[in-house]
Amino acid sequence: MDTVLDARPDIEGEDFTRVRLTADAQVLLRSLWARHGPLMFHQSGGCCDGSSPMCFPEGDFITGDADIRLGVFGLKDDDGTPLGDIDFWMSKEQFAYWKHTLLTVDVVDGRGGGFSLEAPEGKRFLIRSELIDG
């Protein structure tokens, strides 16, 4: 699979995606899903690794009024069988800065310093961005 996966939009009134996954990120997420079950992302926008998307078991990071769900990924297995949904959350404060960008979640070799599930794999998620008119 070498295509990106666009999240279903989840911001009221929007009909375009704000976040997507690279093929490499999808491969890693399938492996993490098999080991940890349903997953979620949160992008806080803090310093250091806070600016990287963090992947958690679904519900392990508590979201609230200070967060916005940008989209939902319909993750599929290698053969196209649906595995389940992965929510992508961001702090509203960070969204104010990034509201004009399309975010692509990618994966690279190396360990981040956070609590994201991919850290023990010797991988880390990162965001690649491009400007949009949204």
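This report describes the surroundings of Arg-69 and then a four-stranded sheet with the helix that lies across it, in a predicted model.

**Arg-69 and its contacts**

Arg-69 belongs to strand β6, which spans residues 67-76, and with a relative accessible area of 26% this residue is partly exposed, because the partly exposed class covers values between 20% and 50%. Leaving aside residues up to four places away in sequence, Arg-69 touches Asp-10, Ile-11, Asp-87, Phe-88 and Trp-89. Among these neighbours, Asp-10 and Asp-87 also take part in polar contacts with Arg-69, side chain to side chain, as the table sets out.

| Side-chain pair | Polar contact |
|---|---|
| Arg-69 and Asp-10 | 2.4 Å |
| Arg-69 and Asp-87 | 3.3 Å |

Asp-109, by contrast, is 40 residues from Arg-69 along the chain, and the C-alpha atoms of Arg-69 and Asp-109 are separated by 27 Å.

**The sheet and the helix across it**

Asp-109 also ends strand β8, which covers residues 101-109. Strand β8 is part of an open sheet of four strands, in which the order is β1-β3-β8-β9 and the pairing is mixed. At the edges of this sheet stand β1 (5-6) and β9 (123-131), each of which pairs on one side only. The pairing between β8 and β9 is antiparallel and extends over nine bridges, and within it Val-108 has Arg-124 of β9 as its bridge partner. In general, the strands of a sheet pair through backbone hydrogen bonds, in either a parallel or an antiparallel sense.

Helix α1, formed by residues 23-36, lies across β1, β3 (19-21), β8 and β9, and runs at about 65 degrees to β8.

Key:
Residues are numbered from 1 along each chain as its sequence is written. This is a predicted model: local features need pLDDT of at least 70, side-chain atom pairs count only at pLDDT 80 or more; totals for chains, interfaces and linings use all residues. Side-chain values use heavy atoms; hydrogens and water are left out. Helices (H or I, at least four residues) and strands (E, at least two) are DSSP runs, numbered from the N terminus. Buried means under 20% relative accessible area, exposed over 50%, partly exposed in between (1.4 Å probe, protein chains only). Contact means heavy atoms within 4.5 Å. A polar contact is a pair of N or O atoms within 3.5 Å; within protein, one must be able to donate a hydrogen and the other to accept it, and residues adjacent in sequence count only if both atoms are side-chain atoms. Two strands pair if DSSP finds at least two bridges between them. Axes are lines fitted to C-alpha atoms, for helices over the stretch in contact, and angles run from 0 to 180 degrees between N-to-C directions.
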